[in-house]
2 protein chains.
Amino acid sequence: MGVVEEGVVGFGIIGCASIARKLSRAIGLAPNAAVVAVGSRSVDKSKRFISDNGLNPATVSAYGSYDEVLSDPAVDAVYVPLPTSLHLKWAVAAAEKGKHILLEKPVAVCAEDLDRILAACSAAGVQFMDSTMWMHHPRTAAMKQLLSDPDRFGQLRSVDSVFTFAADPEFLEKDIRVKPDLDALGALGDLGWYCARAILWAVDYDLPHSVTALRAPTANSAAVLLSCGASLTWKDGRVATFHCSFLAHLTMELAVVGSRGTLHLADFVIPMEESSAAFSFNSASGLSELATGWVEMPSQHFVRNETPQEVLMVAEFSRLVAGIRSGTGGSETKWPEISRKTQLVIDAVKSSIDLGFQPVEISP
Amino acid sequence: MGVVEEGVVGFGIIGCASIARKLSRAIGLAPNAAVVAVGSRSVDKSKRFISDNGLNPATVSAYGSYDEVLSDPAVDAVYVPLPTSLHLKWAVAAAEKGKHILLEKPVAVCAEDLDRILAACSAAGVQFMDSTMWMHHPRTAAMKQLLSDPDRFGQLRSVDSVFTFAADPEFLEKDIRVKPDLDALGALGDLGWYCARAILWAVDYDLPHSVTALRAPTANSAAVLLSCGASLTWKDGRVATFHCSFLAHLTMELAVVGSRGTLHLADFVIPMEESSAAFSFNSASGLSELATGWVEMPSQHFVRNETPQEVLMVAEFSRLVAGIRSGTGGSETKWPEISRKTQLVIDAVKSSIDLGFQPVEISP
């Protein structure tokens, strides 16, 4: 089993979390990737995942442990959707077995853990990438092009982001994302991760000088965050805020304001439609003479993508892996670097909450 | 001069600031209002304002002082666009002369001053209203109806607002809004006022428990705020943020998120078009099975208004004034109450900045 075409990256999926279904489909759709193994704590569960997700039992191995996946020579790379608290152990183990790693976010419980993961990847020469899918949508590049235009956008002044969804009672009781031993960062790790990444993306990954948690976060009885927010500042006057919550209606707002332009979108994490994504951009606007209206209206932009963003992510990751395997490319350091910066911001928000909303300076 | 029809409220305009041109037009368009006097520090300037704004010199008196406007028996009400530092003196003087008051925002330098103005209005039995125009747009009522729907919006969780515009170098050097002796609250008073009002409007004017200024505000050399922000919290877990700035592209974002719905608009202060205003509302949305898209898309709502919002404001104010004059109605206390709450929030933001970003509790 596990025989894949030359140039196609063989993926092992470690853990059968619900998100793994989306990635399994994406790996299947990517032209340069294929699922070759699935491992969970029970081989029956792995077999069920294979059949439930339309994978071919003849070419995809089912394992009853994660170790077996890592020992399978057909596995070039692993996708790891395990609870965050298990990332350190299994990502390091995967790297030590020479497996490239596509790691679900949040990538670690804290930056110290992530640094151990990244050190293991670096030592093994394997590619690391976190599974922040929207980074790979062509809309993201189109928006960045506008934000980089000194005439149309000017200098960045502020970024504000909101990512919330209304978890149902079962989620709030049982989901791994509300369990302190599994995903201790709660909504901050699950949703705040995207907001922090969006802010860093907007500022070209220039780390903020200081991060201050907003007051009145909410937590469950086990002290796992269900909602929180933060204010980020840079020494040159740029500012950002974000708010994330499991307790509010599905919302994915991102507004980036520059000296000469404004970008807004309402679905920055997962575009509303799979094949086309929109954003609004406004430049050099002002008010009419008596301030009874605007003189330049925002333009609506639509970016078509025949390939879903998670497939583009898998394809890009696999392209890098194939380059390393064939000796034609090295590990792309951009991806671990931006994972680490995102984790530093998340850690700072958590620290600020623990310190009673004091500002926390980030040292790279 | 100053002869107006029965039931039509005669307005005196005190001060010829640029914003007065917009209100002069609005008073002319309102069916129950008419400009009858204009006063400034020079009678020539008042005459020029009258001719520049298409007013009839035969029916509108030009005065070289504010006192003369207040002494004119044809003046039922005054519109006061003076610098904020002059509001206390002239609004109190107007009330003492029995004139109803439409006061430009920010209404006062601090709540203590506002309380003296409101006490004078109350003692004289005159109507007080601040000039927050968007309150009177039919869109505002349409949005409130949705926010009040327990099925479609649920319980309010968060409000985020941004109001910025890119002031030109002349504004930043000379405008009254950057002068400590004229408009000491700077961008906070000019723009933050609208954000604070929008937040209070969304929560049905329930004052926040605590207000914390966001770090890294910017100020000019005279310590007048050019940009700042704040985080507001309520004891039941509701949260809000706002950001305002003279240093960023024209942006008027408002997002209100409930447990079951999300409202967003990009022009909450001044609708982009004068005759139709839009907002986006989304209810009971979720993600598709594999989280590759949304299952309910936001709906775009358009509210037509044949009458501009500032005309609706003047008409509503004049309707209240006419009721008081005819003895058929009393002073509407809603308007001074929401002015005062807005001022309390603005004051708390300023205090928090002065206290090094400590939270400030609001006591009504």
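Begin by selecting Val78 of chain B in this predicted model; the bridge partner of Val78(B) in β5(B) is Ile101(B). Extend the selection to residues 77-80 and 100-103 of chain B, which are the strands β4 and β5. These two strands run parallel and are joined by four bridges.

**The sheet of chain B**

Next, display the whole sheet to which these strands belong. In chain B, six strands form an open sheet in the order β3-β2-β1-β4-β5-β6, and the pairing is parallel. Move to the two edges, where β3 (61-63) and β6 (128-130) of chain B each pair on one side only. Viewed from strand to strand, the sheet has a twist that averages 25°.

**Helices α4 and α5 of chain B**

Now add residues 87-96 of chain B, helix α4, which packs on the sheet and touches β1 (9-14), β4 and β5 of chain B. The direction of α4(B) makes about 155° with that of β5(B).

Keep α4(B) in view and add helix α5, residues 111-124 of chain B. The axes of the two helices are 8 Å apart, and the helices pack at an angle of about 5°. Because angles under 35 degrees count as roughly parallel, α4(B) is roughly parallel to α5(B). To see the contact itself, show the side chains of His87(B), Leu88(B), Ala91(B), Val92(B), Ala95(B) and Glu96(B) on α4(B). Facing them from α5(B) are Asp113(B), Arg116(B), Ile117(B), Ala120(B), Cys121(B) and Ala124(B). Colouring this contact by residue class gives eight nonpolar residues, one polar and three charged.

**The sheet of chain A**

Turn to chain A, where an open sheet of six strands with parallel pairing has the order β3-β2-β1-β4-β5-β6. At its edges stand β3 (61-63) and β6 (128-130) of chain A; each has a single partner strand, so one side of each is left without a neighbour in the sheet.

Select β1 (residues 9-14) and β2 (residues 33-39) of chain A, which pair in the parallel sense over six bridges. One place to look is Val9(A), whose bridge partner in β2(A) is Ala33(A). Then add α1(A), which lies across β1, β2 and β4 (77-80) of chain A and runs at about 145° to β2(A). Helix α4 (residues 87-96) of chain A lies across β1, β4 and β5 (100-103) of that chain, at about 155° to β5(A).

**The domains of chain A**

Colour chain A by its domain assignment: domain 1 is 9-134 + 324-329, and domain 2 is 137-309 + 343-361. The C-alpha centres of the two domains of chain A lie 28 Å apart. Their contact takes 15 residues from domain 1 and 20 residues from domain 2 of chain A. On the domain 1 side, the classes are 11 nonpolar, three polar and one charged.

**Where the chains meet**

Finally, show both chains together and select the interface, in which 55 residues of chain A are in contact with 56 residues of chain B. Elements giving two or more residues to the chain A side include α1 (18-29), β7 (156-166) and β10 (225-233) of chain A. Strand β12(A) supplies the largest share, nine residues. By class, the chain A side has 21 nonpolar, 23 polar and 11 charged residues.

To relate the copies, superpose chain A on chain B: a rotation of 180° with 0.0 Å of shift along its axis does so, with RMSD 0.0 Å. That is the relation of a two-fold axis. The same surface serves both copies, as 100% of the contact residues of chain A recur in chain B.

Definitions and conventions. Residues are numbered from 1 along each chain as its sequence is written. Chains are lettered from A and ligands numbered from 1 in the order in which they are written. This is a predicted model: local features need pLDDT of at least 70, side-chain atom pairs count only at pLDDT 80 or more; totals for chains, interfaces and linings use all residues. Two strands pair if DSSP finds at least two bridges between them. Axes are lines fitted to C-alpha atoms, for helices over the stretch in contact, and angles run from 0 to 180 degrees between N-to-C directions. Two residues are in contact if their C-beta atoms, placed from the backbone, lie within 7 Å. Ala, Val, Leu, Ile, Met, Phe, Trp, Tyr, Cys and Pro count as nonpolar, Asp, Glu, Lys and Arg as charged, and the others, Gly among them, as polar. Domain bounds come from an automatic or database domain assignment. Copies are superposed by least squares on the C-alpha atoms of residues with pLDDT of at least 70 in both. Angles under 35 degrees count as roughly parallel, over 145 as roughly antiparallel, 65 to 115 as roughly perpendicular and the rest as oblique.
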